[in-house]
Number of protein chains: 6
Amino acid sequence: MIETVQEKSGFIPNVFLALAHRPAEFRAFFAAHDALMDKSEGLSKAEREMIVVATSAINDCLYCVVAHGAILRIRAKNPLIADQLAINPWKADLTTRERVIIDFALRMVDDSGSITDDDLQQLRNDGLDNDEIWDVGAITAFFAMSNRLANLTSMRPNDEFFGMAR
Amino acid sequence: MIETVQEKSGFIPNVFLALAHRPAEFRAFFAAHDALMDKSEGLSKAEREMIVVATSAINDCLYCVVAHGAILRIRAKNPLIADQLAINPWKADLTTRERVIIDFALRMVDDSGSITDDDLQQLRNDGLDNDEIWDVGAITAFFAMSNRLANLTSMRPNDEFFGMAR
Amino acid sequence: MIETVQEKSGFIPNVFLALAHRPAEFRAFFAAHDALMDKSEGLSKAEREMIVVATSAINDCLYCVVAHGAILRIRAKNPLIADQLAINPWKADLTTRERVIIDFALRMVDDSGSITDDDLQQLRNDGLDNDEIWDVGAITAFFAMSNRLANLTSMRPNDEFFGMAR
Amino acid sequence: MIETVQEKSGFIPNVFLALAHRPAEFRAFFAAHDALMDKSEGLSKAEREMIVVATSAINDCLYCVVAHGAILRIRAKNPLIADQLAINPWKADLTTRERVIIDFALRMVDDSGSITDDDLQQLRNDGLDNDEIWDVGAITAFFAMSNRLANLTSMRPNDEFFGMAR
Amino acid sequence: MIETVQEKSGFIPNVFLALAHRPAEFRAFFAAHDALMDKSEGLSKAEREMIVVATSAINDCLYCVVAHGAILRIRAKNPLIADQLAINPWKADLTTRERVIIDFALRMVDDSGSITDDDLQQLRNDGLDNDEIWDVGAITAFFAMSNRLANLTSMRPNDEFFGMAR
Amino acid sequence: MIETVQEKSGFIPNVFLALAHRPAEFRAFFAAHDALMDKSEGLSKAEREMIVVATSAINDCLYCVVAHGAILRIRAKNPLIADQLAINPWKADLTTRERVIIDFALRMVDDSGSITDDDLQQLRNDGLDNDEIWDVGAITAFFAMSNRLANLTSMRPNDEFFGMAR
């Protein structure tokens, strides 16, 4: 798996090395990651990466913001959107739908405890279906885990990510 | 898998039902869970459950505090420790080692971004080895994800958990 | 007074011992407590205990959550409600009226400074009368004091309270 | 009691009127107040008022800061100290002993949950005895209650208090 | 310039001395100050000082609250308003227009990042024109700078300011 | 002045346009800016830009992080440092001296009120002289103002800044 990624991108993202010492956790981590991120029904791939960048920035996760910022620039074909979302998610250039998605993702970061069925109904009124709501929540939740693992190990983004697709 | 749990405990914990609509995520979630929680080298099983209860309480996760509180009472053979950790983790009856573990877990909940190598060295000085440090961090990270999924769905703990092993 | 309580419950709650070294403060404390809690006009006794449990949990007060959690389970004839309110007051099983009471009590805990007459009028619109509003506020205020005294002395709940009425 | 105060100060402080509708609470409130504030063994009366002003300011309590600010100016024979403590308690002109008292009082306002016996031992090392520690804690706790009652009712300080002893 | 102020007020406000060691910064600082504060089109001078007092109090700036509190009492011909705004800006005696101004100023203190064009439109609906909105924002911004400079140097308000115009 | 900048950089940074409607404020703003930023005694120009990027990120200021991030990459001849400081200032690749500077700048952002002479003495012990300490504080203070002005107007960084010097 690592070799496939290396062939495709020309380098091995550091996250693979950081988790490799625990094979069972490594496999589960990437299985969860791929189930949530390698999909484009409902949320588009760019929307998924937007959630990652905006929520990882709140959690001060250098690796996730830089690495997924690069992927977001590619997916969204937009060289500005990753920095906009990382630095100030409230003022980024978003469509109305993207605004709904990001606002809910930000709420999931720090205040999931007070989310009630009324909030989910509001999201449906704002145009998200149940699968999309789950995806916003589950991607935020998965990166709440990833951000903490990356912070625990002070994981460095590969230098290649910083300048990619600008 | 669900049937095995049901046979053992006499009921199906609600977390299984909440995740069942997404089989790939379900499998990855429980693979990660079991890799971190069904182990007793390094951190004991009771210590692992202590981390879950203390950090899930900070995240206001009713399901995780109640369900893992029950498991903690069983693992630690102590009917008081789960409520102590959930309500005030700083005043719970902990050994010096448990205090080190819980203090670091609490830091991982809300302030992982400022953790540096100096902090990890301090944990080694306080008696944790590298595998134990990883486990404290990784369990906290995994439940940062779980807490958000449970909060998203307002997941209810089964009534059975509340009174178990008191 | 202590003997009466001991006869009724079979043990002396630790709060009596913690305050006994200051007789004048002891008498004033319990006079205020009884004036607010031994009453059932307006707010029911269960509603009063709900306020105590929910607000004391925000203040991390082990004694008040555990001791009044036990009383709440008895008053409400509900073995689950105390843990629900202590762990996540936004998702507890509450009636509409109880929701209004608890939401206002939570506001009193950390943000009483910005409460204005408009907020009180809203509570009246939501069905509370002036005496009930005062009681919600005054009970929260009294336990803001109690929680700090219990925390100052790391007051332990008697073991009996943890498992009572579950 | 109200008449005595009126004779002494020439006006009836509004707190008496705000609590008069609940005689039992009124009596308990002032009994507790007097037990803590009308005393000068251990903490001096000026030190007691310093605690009130500094902690009530954190709680945004207009009545307590203004009324007790006036009393503090009188007790300390210092026209500047009340405003200093209310606006920035870290930079007020305090003696080393007053600094210890105020720092602990501020901790009691918002973070009593994490106070442990080690903290109390540190206060003893810094020169407070057990009765003084209790008084700092109990005065802060009592005004945690008073501040919330005053905020609940948007209690106005009498105009007389603002300019007194400047 | 300093001499003019001294002649007018009878003393040299300490802020002049604190900045004098950096003449270029001194000149720029007072040029910006005077451009924003010595003006009475749009916002009145009293309204400008209200913004200073309310926002400087949030930033714990002793110098700005005390010195501008004195100026506010003079400008507003009101001996109570400065203490009201400094201690609890939500309960001060304000007109509807002043309430709009102060609420927006408070938002600028700690949460300017999430202000959007919708918020500015709301202010226009509430009766402020574009120049007034800019002034509320720019005065708050200027004192965000001043408060930090005063805090850095623990700048003392001259004793004269405390009792002025009470 | 604007034309000079335009000639040098090939475009007019948007900050010039945003402030041009108020000539007196414009002149004072840039006079203060240049007095603090166009200098290299004591703090180097790269160190000054590091302070801007790290503190503006805490304030969610898109314009300042992106525009000064570009300048920092140029001044420090380091394509990675701006993103590192903006996303996680605690884990950026800093020298010991830069670490001291940035830690104090971060404290100035949100907690200048509790800074005392002891803190300044600690900075001297850590190797900063009085002029350098003033510069760290004054640059942070100036951008506390700038960040709020930029946020007030939702000021957009010119597209050119995002990709510059990567």
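Here is a short chat about a predicted model and how some of its chains and helices meet.

The model is predicted, so local features need pLDDT of at least 70 and side-chain atom pairs pLDDT 80 or more, while totals for chains, interfaces and linings use all residues. Residues count from 1 along each chain as written, chains are lettered from A and ligands numbered from 1 in the order written, and side-chain values use heavy atoms, without hydrogens or water.

Visitor: How much area is buried between chain A and chain B?

Guide: Buried area is the accessible area (1.4 Å probe) that two parts lose on being put together, summed over both. Carbon and sulfur atoms give 63% of it here. The total for chain A and chain B is about 3,000 Å².

Visitor: Which residues of chain A lose the most area to chain B?

Guide: Three residues together make up 27% of what that side buries. They are A:Trp134, A:Arg148 and A:Leu152.

Visitor: How many salt bridges are there between chain A and chain B?

Guide: A salt bridge is a side-chain nitrogen of Lys or Arg within 4 Å of a carboxyl oxygen of Asp or Glu. One example joins A:Asp131 and B:Arg22, at 2.9 Å from N to O. The count between these two chains is four.

Visitor: What is the count of buried residues in helix α1 of chain C?

Guide: Buried means under 20% relative accessible area (1.4 Å probe, protein chains only). This helix, a DSSP run (H or I, at least four residues), covers residues 2–9 and is hardly covered by anything. Among its eight residues, the count is zero.

Methods
Buried < 20%, exposed > 50% of the residue type's maximum accessible area, 1.4 Å probe, protein only. Helix = DSSP H or I, 4+ residues; strand = E, 2+ residues; numbered from the N terminus.
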